[in-house]
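Good morning, everyone, and thank you for making the time. Please have the sequence and the structure open while I talk, and stop me if a residue name goes past too quickly.

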Amino acid sequence: MSAAGGPAVNPMQILALGLIGGLILLYLPVLVPLGPMLGPLLFALGAVVAIIWGADAIARVASYGLGTGVPSIGYMSLAIGVIGGIAGLAGALMFGSMSAWLGPIMGVVLAMIVGAVVALMGTQVLKMKIPILVRCTIELSGAAALSVLGFSAAIAGSLSMAAILSSVVATGFIALLFILNTMAIQHPFNACLGPQENRVRTLKLAGATAFMAMAIVGLLSLGISKAWWLVAIVGAVAWFYFIRAFIQASAKEAASVKWSGWWPEEDET
Amino acid sequence: MADPIIAGLGVVALMGAAATIAGAAEDLESDVGSMSNPNSQVQLAPQMGNLHRIFNKAVSGEPVQMGAWAGIAGSVAFVLINALQLPVIMSIAGGAAIAALVHVAFATTSHMGRIVSQSQFNQPLFMDVVTQHLGPIAGHGFIVTFSIVGLSYLMTLPLQGFAHPFPLPFLAVLWGITIGAIGSSTGDIHYGGEREYQQYPFGGGIPVAIHGDITRKAELGARNSMDVVYFCAKYGGPVTGFAFGAIVFFSFWSTVVGALAGSSGDTPLIWGTGILFVIIILLIIINNRIEVFAREKYGPYKE
């Protein structure tokens, strides 16, 4: 149980998994020629680890009683992430076509800078008294940018601005990625908030929502990427694994599990 | 080829019909799951010692939820239409089916997560509540996403007054957010204020003292969320559908009729905006008259 004591999951490990793991998964297909099948799969997995990182960051900041603000901070971070990610891809081209590889890193850094500005507005101008708001908003913005970049690259088949522009932005999928990644990042904690929230169970749900988003991204790349079925099937199988783990954990931690009947009598008033 | 204005009016009528159905289904879907405003009271009830058998579907606000489902349905339909060249109706149904599957997964996990995370209040996790309510949730959600993607597709048809430049997934997300907002603002009162606090007189507001003391027993046995839908389907759902249908119908009708003044350039748009402005002024006056009439006829709520 994580509610009263410290978190059951080390936030630094999740941060490392999301940020470093995400960037490695995004850059590996760029640096090593893995072919048209493995590349999109790794891009999508990079987005998945970023979503899990984002879900943990949102759980940490929202534990300060955000309540109905959980979805809101999710949308805010994805808005920052989409702007930062696309601006990073485009901005890297300013230094010439040879530096296009800078795109993802620039996207994540830009998103984190915008996130820092937004969070400082919250703490300094609006006087919100949430101690870890700045750090968590920066983390969330970075996670959001990585998740959008990863899924965009999984659909387009490459991280190049031209490919993403024609197959993700022009087709309107970017609007879906915005709202789908928002759901994937904010839903785990929003669904599990309460005094007995258990971070391990929350992160199991984060795995489920992230892989579900990956399965949908696989479907969207039908007709664009050869690896669409691989991304969709890996996403669906991993989703099944995580949602099974989540449902088992829920059944174990519930006050009681019943298939019929009334609530316990002693609470009748 | 028919007169473009007559053809346009036909499309507008179809869009209005789809929007009305979507609005009604959206409100009822949120009632099955106790979403949005009523959700906070369902969430609070066990902490006040009021255990219940009501579905706690804390996915997010309705606008974003519906934006996501409609976006998934619209994007998958877009792929099926363009990449596989499937017929439009079949593609939209396929997209809505995928969205319904995602919807069910999110609904289940939110109910389980919220109930289990407050286990100290002894609220049991009723599995039959989960399984019985998933059907209506998925069904109503399917109707909403099908209708929303349908009307978004109609907007992109190459007809005068339509031919929207945005791609289908983009329009589906925008209209999904809109239907969620309308369903939340118009429909919630009929569940939250009325059905959820049925043992208290209607119209008295919900003072803090009775927060969490929701109606938990039905005519026979424990109340579940299906009982709520039967109630809301009589008025809350249809009136939400009417509101959304009127919004969609009038906003497109005005630009189509605006083409009577001349179909070149921005002329239909300028005339349409003018017509819409007059309609809005009229609606404000009608709303005010109805409210004044209702207050005078039925009087304020008395202690």
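Let me begin with a question: in which helix of chain B is the place of Ser30(B)? Ser30(B) sits in helix α1 of chain B, which covers residues 4-32, and please keep in mind throughout that what we are looking at is a predicted model.

Is Ser30(B) buried or exposed? Its relative accessibility is 1%, and because buried means under 20%, Ser30(B) counts as buried. A polar atom of its side chain lies 2.9 Å from the backbone oxygen of Asp27(B). If we leave aside residues up to four places away in sequence, Ser30(B) touches Met35(B), Glu62(B) and Asp188(B).

A little further along the chain we come to Ser34(B), which is placed in the loop between α1 and α2 of chain B. Ser34(B) has a positive phi of about 50 degrees, although it is not a glycine. For background, most residues other than glycine have a negative phi. With a relative accessible area of 0%, Ser34(B) is buried.

Another residue of chain B with a positive phi is Ala163(B), where the angle is near 45 degrees and the residue is, again, other than glycine. Ala163(B) belongs to the loop between α5 and α6 of chain B, and at 39% relative accessibility it counts as partly exposed.

After the loop that holds Ser34(B) comes helix α2 of chain B, residues 36-44, whose buried residues are Pro38(B), Asn39(B), Gln41(B), Val42(B) and Gln43(B). Against which helices do these buried residues pack? They pack against α4 and α6 of chain B.

Now let us turn to the place where the two chains meet. How many residues of each chain take part? On the side of chain B there are 55 residues, and they are in contact with 50 residues of chain A. The area buried between the two chains is about 4400 Å², and carbon and sulfur atoms give 72% of that area. Within chain B, the residues that lose the most area to chain A are Phe106(B), Thr109(B) and Ser117(B), which together make up 13% of what that side buries.

If we look for charged pairs across this interface, the rule finds zero salt bridges, whereas 15 residue pairs, with both residues at pLDDT 80 or more, are in polar contact between chain B and chain A. The elements of chain B that give two or more residues to this side are α3 (62-82), α4 (88-116), β1 (125-126), α5 (127-155) and α6 (168-195), and of these α3(B) gives the most, with 11 residues. Sorted by class, the side of chain B that touches chain A has 29 nonpolar, 21 polar and five charged residues.

The strands also bring the chains together: β1 of chain A, residues 257-258, pairs with β1(B) in the parallel sense over two bridges. Which residue of β1(B) is the bridge partner of Lys258(A)? The partner is Phe126(B).

For the last part, let us stay with chain A and look at salt bridges, of which the rule counts nine over all chains. One of them joins the side chains of Arg199(A) and Asp56(A), at 4.0 Å from N to O. Arg199(A) is in helix α8 (residues 199-220) and Asp56(A) in helix α2 (residues 35-62) of chain A, so that this pair links distant parts of the chain, 143 residues apart; both residues are buried.

Another salt bridge is formed by Glu139(A) and Arg60(A), whose closest N and O atoms are 2.8 Å apart. Glu139(A) lies in helix α5 (residues 133-156) of chain A and Arg60(A) in helix α2, so the pair ties together parts that are 79 residues apart in sequence. Glu139(A) is buried at 4% relative accessibility, and Arg60(A) is buried with a relative accessible area of 11%.

Arg199(A) also forms a salt bridge with Glu197(A), with the closest N and O atoms 3.2 Å apart, and both of these residues are buried. Which residues end up in one network through shared partners? Asp56(A), Arg60(A), Arg135(A), Glu139(A), Glu197(A) and Arg199(A) are joined in this way by their salt bridges.

Definitions and conventions:
Residues numbered from 1 in each chain as written. Chains lettered and ligands numbered in written order. Predicted model: local features only at pLDDT ≥ 70, side-chain atom pairs only at ≥ 80, totals over all residues. Heavy atoms only, no water. Contact = heavy atoms within 4.5 Å. Buried area = accessible area lost by both parts, 1.4 Å probe. Polar contact = N/O pair within 3.5 Å; in protein donor to acceptor, adjacent residues only side chain to side chain. Helix = DSSP H or I, 4+ residues; strand = E, 2+ residues; numbered from the N terminus. Nonpolar A, V, L, I, M, F, W, Y, C, P; charged D, E, K, R; others polar. Pairing = 2+ DSSP bridges. Buried < 20%, exposed > 50% of the residue type's maximum accessible area, 1.4 Å probe, protein only.
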